[in-house]
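Please examine the sequence and the model shown below before reading on.

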Amino acid sequence: EYLSRQQRRDGSFPAVNRAQPAISGLCVMAFLSRGHTPGRGPYGDNILRAVEFILACQQSDGLLAQIPPEEEYVLKGSSHTAPYNHSIGLLTLAEAYGMLDASREARLRPAITQAIQYTSNTQVLAAKSADDVGGWGYTPPSLDHNLTDLSVVSWEIMSLRASKNAGFAVSTDVIDKAMAYVERHFDAATGGFKYVKSESGPSTSMTGVGILMLTLGGRHDSKTIGAAGDWLLAHPWVYDPLPDGDSSEYAAYYVSQAALQLGPSYWPRIYPDILTTLIKNQRNDGSWSASAHALAFGKPYTTAMYVLTLGAPLQLLPIYQR
């Protein structure tokens with residue numbers, strides 16, 4: 001109800017323009033994760049209008065971003081947010097595909113195909129550092145920032161997996177290189193996953209990311225997954241921003257999805273505490289306060305991420321099914 005009241009006339013949800021259509025996409029998926037469908041029920045119109053907004057953000061080269069990237073990298077600018085906008089936008093369209101009427105599906109089909117091609121074209125295949133190969137980074141790359149990172153790569157993998165689930169052609173080679181990238185970010189010394197290889201240690205959110213990506217990529221029997229699950233048990237999610245720079249909504253989202261994929265040995269030891277904490281901290285208007293890390297993106301972003309966290313056990317979105 002809170003999210004539905006926040007939607008703008010153009011179909012978007014409140015956020016700075018450089019964070020669109022990612023924020024609106026997450027809000028759409030929040031509705032879908034609770035079983036609401038486009039064009040039907042109390043939120044059917046909200047979903048349809050947001051899907052139209054995401055489609056309207058697509059650039060001529062296939063990039064899904066309301067504001068094209070700057071010619072040179074700008075921290076927190078459009079060049080920084082472009083890969084998030086694109087991958088979350090594509091993920092949303094792929095998840096909504098099949099729930100829409102025939103005419104909208106016909107319009108989504110070329111948009112999704114073009115977006116997949118953009119993703120494939122922007123994968124890092126040759127880099128100064130071998131650690132970046134197979135990943136995705138900012139557009140254009142920063143000269144004084146990491147070329148790629150596990151956070152960006154995770155959304156790209158999810159968008160491609162969702163597209164494949166929806167029946168679109170996705171290069172196996174692209175996926176294989178991306179999975180190799182994820183595996184390189186596992187820290188065998190600790191059992192967790194790092195944001196970038198050069199970091200001193202893993203984080204809670206990135207360890208959740210690593211587990212989810214390996215399972216989405218079919219590496220269900222990897223010994224790495226169990227080790228990472230044990231790391232999560234030893235480093236549980238907390239509601240406040242974490243000391244290593246995590247934001248609580250981002251970490252909760254990935255840890256809950258990872259716990260679901262880990263199965264019965266981990267789920268009851270991880271998820272109930274997240275559930276209890278979120279219920280306790282929900283505001284009277286239905287929202288959750290943004291962590292310090294997410295203040296620029298606002299309460300709709302935070303609220304959508306926590307709704308997706310709460311929706312994990314329902315498994316209504318294909319991308320998150322176990």
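The paragraphs that follow take up the salt bridges, the nonpolar core, two individual residues and the empty spaces.

This is a predicted model, in which local features need pLDDT of at least 70 and side-chain atom pairs count only at pLDDT 80 or more, while totals for chains, interfaces and linings use all residues. Residues are numbered from 1 along each chain as its sequence is written, and side-chain values use heavy atoms, with hydrogens and water left out.

Side chains of opposite charge can pair when their charged atoms come close. A salt bridge is taken here as a side-chain nitrogen of Lys or Arg within 4 Å of a carboxyl oxygen of Asp or Glu. A search of the whole structure yields seven salt bridges. One of them joins the side chains of D45 and R49, with an N to O distance of 3.0 Å. Both residues belong to helix 3 (residues 44-56), where they stand four residues apart, about one turn of the helix. Helices (H or I, at least four residues) and strands (E, at least two) are DSSP runs, numbered from the N terminus. D45 is classed as partly exposed because its relative accessibility is 48%, and R49 is likewise partly exposed at 27%. The classes are buried for under 20% relative accessible area, exposed for over 50%, and partly exposed in between (1.4 Å probe, protein chains only).

Another salt bridge, between the side chains of E183 and R219, has an N to O distance of 3.6 Å. E183 lies in helix 7 (residues 172-184) and R219 in the loop between helix 8 (204-216) and helix 9 (223-234), so this pair ties together parts that are 36 residues apart in sequence. E183 is partly exposed at 38% relative accessible area, and R219 is partly exposed at 25%. In the salt bridge of K299 with D285, the closest N and O atoms are 3.5 Å apart. K299 is part of helix 12 (residues 298-310) and D285 of the loop between helix 11 (267-281) and helix 12, so the pair ties together parts that are 14 residues apart in sequence. K299 is partly exposed, with a relative accessible area of 26%, and D285 is partly exposed with 29%. In addition, E52, D101, R104 and R107 are linked in a network of salt bridges.

The discussion now turns to the nonpolar core. Such a core is a set of buried Ala, Val, Leu, Ile, Met, Phe, Trp, Tyr and Cys residues joined through side-chain atoms within 4.5 Å. The largest nonpolar core has 100 residues, and L26, W155, M158, M213, Y254 and Y320 touch the most other members. Helix 10 (residues 248-262) contributes the largest share of this core, ten residues. Contact means heavy atoms within 4.5 Å. Not counting residues up to four places away in sequence, W155 touches L26, Y84, S87, I88, L91, Y250, Y253, Y254 and M305.

Two further residues may be considered in turn. S163 is found in helix 6 (residues 150-165) and counts as buried because its relative accessibility is 0%. Apart from neighbours within four places in sequence, S163 is in contact with L90, A94, I112, I116, F168 and V170. M99 is placed in the loop between helix 4 (78-96) and helix 5 (102-122) and is partly exposed at 22% relative accessibility. The C-alpha atoms of M99 and G39 are separated by 9.0 Å, although the two residues are 60 residues apart along the chain. With neighbours within four places in sequence left aside, the contacts of M99 are L32, T37, P38, R40 and E105.Finally, there are the empty spaces. On a 1 Å grid over the protein atoms alone, a cavity is a set of points where a 1.4 Å probe fits but cannot get out, and a pocket is an open set with protein on both sides within 12 Å along at least five of seven lines; lining residues have an atom within 4 Å of a point. Grid points are joined across faces, edges and corners, and a volume is the space filled by probe spheres set on the points. The second largest pocket has a volume of about 400 Å³. Its lining comprises 19 residues, of which E1, L3, A30, R34 and V307 lie nearest the centre of the pocket. Helix 1 (2-6), helix 2 (22-33) and helix 12 each supply at least two residues of this lining. By class, the lining of the second largest pocket has nine nonpolar, six polar and four charged residues, where Ala, Val, Leu, Ile, Met, Phe, Trp, Tyr, Cys and Pro count as nonpolar, Asp, Glu, Lys and Arg as charged, and the others, Gly among them, as polar.

The structure holds one cavity of 30 Å³ or more. The volume of the largest cavity is about 50 Å³, and the residues lining the largest cavity are S33, Q257, L308, G311, A312, Q315, L316, L317 and Y320. By class, this lining has five nonpolar, four polar and no charged residues.
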